[in-house]
Every structure is written in C-alpha cells, then in structure tokens.
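Colleague: I would like to learn how to read a protein model. Could we go through one together?

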Amino acid sequence: MTRIKISPPSSASPVAADVSENADAKTHIVEGGHGHAFEVQKGTSFRIVDLHGQQIVDMMAWVLPYPSSLQHLSMSYTRYALNGSAPPAIGDCLVTNKQEPIFKLTADMCHTHDMTFMACNPAFYAEKGLEGHRSCAENIAEAMKPWGMASYLEATAVDPFNVFQNTPDMTLKDLGCSRPGDFVEFEVLKDAVVAVSSCPYDVNGFGGGVATEVAVVTGLKTKGA
C-alpha cells in the first residue's frame, strides 16, 4: 500500500509561525522508520509534529542522569494517575515509575494517542515473517546509544507513549488519524532524555502504509512563562 506524501507545513503555516517566535527553538527532522533522541530541560517545552499525516510516533523518556536515575516515563503509572487508558487531556501529566510528573500536555491537535501497546521489536516482525524489518525498539536503542543504551531489550523494558496512534478507538477512527501538521506539545517538568521513533510498522495499511518523516522541535518557551 502506498500513500501520497503531502508537503510539510510551510514557514507561513500556523505550526511553523509560532515556533519562529522562539529564538532558542531547534527543529530536527526524523526520517520515516527511524529514531532520534534528545535532551530536554525543565521549564522548556518540546513538540512532536506529524509532517505528512497518519504517522505514529513511539516516545520514551528517562530522567537524567541516564541510566543512574532509574526513573523513566511509565505508561502503567500514567494510566493509574489518569484513572484509565484514555489519552491525556490538555493539562494532564505523564508520570514516571516513581509516580512523579515528567511532562505536562500543553497542546494537542490530534487528541488521539495510545498508552497500552508495546514498541514493535525484532521478535514481533519475525513472528510475521518479516525478519530484518526496522522496529521502534531498535530505533530507540540506536538513538540512545550515545547515552549508553546497548541493546533494544533496554528499550522494550519501557512501554512507549504512542503519539497519534488510535488503538483504543480503532473502530471509530482510522488507525493513523493525524493530519499533516498535527502536533503535540509538552512542558518539561524534569530534566530528561527523550527518544522517539517514526514507527516503521507498515503492514495492512497501518500508519498509512508507509513510514514518513516527523519533526521534533525543542527549546520552546513554556506557555505563560
């Protein structure tokens, strides 16, 4: 299955316009089906942007210093804090395995995300006869190598926040229901290293049938700061 790629938002679009007002903002384009890791500081904000639409992004995070803090973004603790598996609303916090807030959701153009499924991994693809297929777990381990992550099994120990994934409501919307330019933005509540994977799963039309680029924008001023 193929998908027509739609051009990323131009500098004149609302998505890019407010970013340009942040002198310290930096944008990194993550190749489709690959990963990227970056550090964020408490008091700043960062944004994940779906440039072409229907692209799911696995996100994991660890409180610095990594790995000695032993503290990471936890979906089970977040589900407990939010009293269910529904996606967080504006103002809700994602929490760590120490039951402490790490990120606050401050903007969301899609309102559809998943907190229940693991990252795709080599065994997942091998089971489907797709040995050698790129996976989110490997993408994140590769991106986290400069911080000392040595194996994708370290990534599979943490369940991701699956940005733009519609698993809980798949009967109501497409699996990938985000539109070109849709983004989520988080206020950083703890110094952390964040890893994202532009999910390479492209089977049965998932994610639009082909992995595409996403953007990560860091160094944004926190709203109201």
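Colleague: Let me start with one residue. Is C110 buried or exposed?

Modeller: First, a caution: this is a predicted model. A residue is called buried when its relative accessible area is under 20%. C110 has a relative accessible area of 9%, so it counts as buried.

Colleague: C110 is a cysteine. How many disulfides does the structure hold?

Modeller: Zero. To decide, look for two cysteine sulfur atoms within 2.5 Å. The closest cysteine sulfur to that of C110 is in C177, and because the distance is 4.1 Å, the two are too far apart for a bond. C177 is likewise in no disulfide.

Colleague: Is C177 buried or partly exposed?

Modeller: Partly exposed, because its relative accessible area is 21% and the cut-off for buried is under 20%.

Colleague: Now the whole chain. How many helices and strands are there?

Modeller: The protein chain has five helices and 10 strands. Of its 225 residues, 49% are buried. The chain exposes about 10,400 Å², and carbon and sulfur atoms supply 53% of that area.

Colleague: What can contacts tell me about how the chain is arranged?

Modeller: Check how far apart in sequence the touching residues are. Among contacts with a separation of 6 or more, 78% are between residues 24 or more positions apart.

Colleague: How do I read a sheet? What is the strand order in the sheet of six strands?

Modeller: Write down which strand lies beside which. Here the order is β1-β10-β3-β8-β6-β5, the pairing is antiparallel, and the sheet is open. The edges are β1 (26-30) and β5 (93-95); each has a single partner strand, so one side of each has no neighbour in the sheet. Ignoring direction, neighbouring strands are turned by 25 degrees against each other on average.

Colleague: Which strands does β3 pair with in that sheet?

Modeller: In the order, β3 stands between β10 and β8. Six bridges join β3 to β10 (residues 214-221), and V49 has A215 as its bridge partner there. On the other side, five bridges join β3 to β8, with S45 opposite E187. Both pairings are antiparallel. Six of the seven residues of β3 are buried, so the strand is largely enclosed by the rest of the structure.

Colleague: What stands opposite K104?

Modeller: E187 in β8. K104 belongs to the pairing of β6 (residues 101-108) with β8 (residues 183-188), which is antiparallel and has five bridges.

Colleague: And what is the order in the sheet of four strands?

Modeller: That open sheet reads β2-β9-β4-β7, again with antiparallel pairing. Its edge strands are β2 (35-40) and β7 (161-163), each pairing on one side only. The twist from one strand to the next averages 25 degrees. Inside the sheet, seven bridges join β4 (residues 57-63) to β9 (residues 192-198); one pair of partners is V63 and A192.

Colleague: Which helix packs on this sheet?

Modeller: Helix α4 (residues 136-143), which touches β2, β4 and β9. The direction of α4 makes about 140 degrees with that of β9. Six of the eight residues of α4 are buried, namely C136, A137, N139, I140, A141 and A143. Their cover includes β2, β4, α5 (152-156) and β9.

Colleague: Can we follow one residue of β9 in detail? What is V196 in contact with?

Modeller: List its partners while skipping the neighbours within four places in sequence. For V196 they include H34, F38, I48, V57, I140 and V216. V57 is 139 residues away along the chain, yet the C-alpha atoms of V196 and V57 are 6.4 Å apart. V196 is classed as buried because its relative accessible area is 0%.

Colleague: I would also like a polar example. Where does Q55 lie?

Modeller: In the loop between β3 (44-50) and β4. A loop residue can be checked for burial in the usual way: Q55 has a relative accessible area of 1%, so it is buried. Next, look for polar partners. The side chain of Q55 makes a polar contact with the side chain of S198 at 3.3 Å. A polar atom of the Q55 side chain also lies 3.1 Å from the backbone oxygen of C199.

Conventions
Residues are numbered from 1 along each chain as its sequence is written. This is a predicted model: local features need pLDDT of at least 70, side-chain atom pairs count only at pLDDT 80 or more; totals for chains, interfaces and linings use all residues. Side-chain values use heavy atoms; hydrogens and water are left out. Two strands pair if DSSP finds at least two bridges between them. Helices (H or I, at least four residues) and strands (E, at least two) are DSSP runs, numbered from the N terminus. Axes are lines fitted to C-alpha atoms, for helices over the stretch in contact, and angles run from 0 to 180 degrees between N-to-C directions. Contact means heavy atoms within 4.5 Å. Buried means under 20% relative accessible area, exposed over 50%, partly exposed in between (1.4 Å probe, protein chains only). Accessible areas come from the Shrake-Rupley method with a 1.4 Å probe; for residues, only the protein chains shown count as cover. A polar contact is a pair of N or O atoms within 3.5 Å; within protein, one must be able to donate a hydrogen and the other to accept it, and residues adjacent in sequence count only if both atoms are side-chain atoms.
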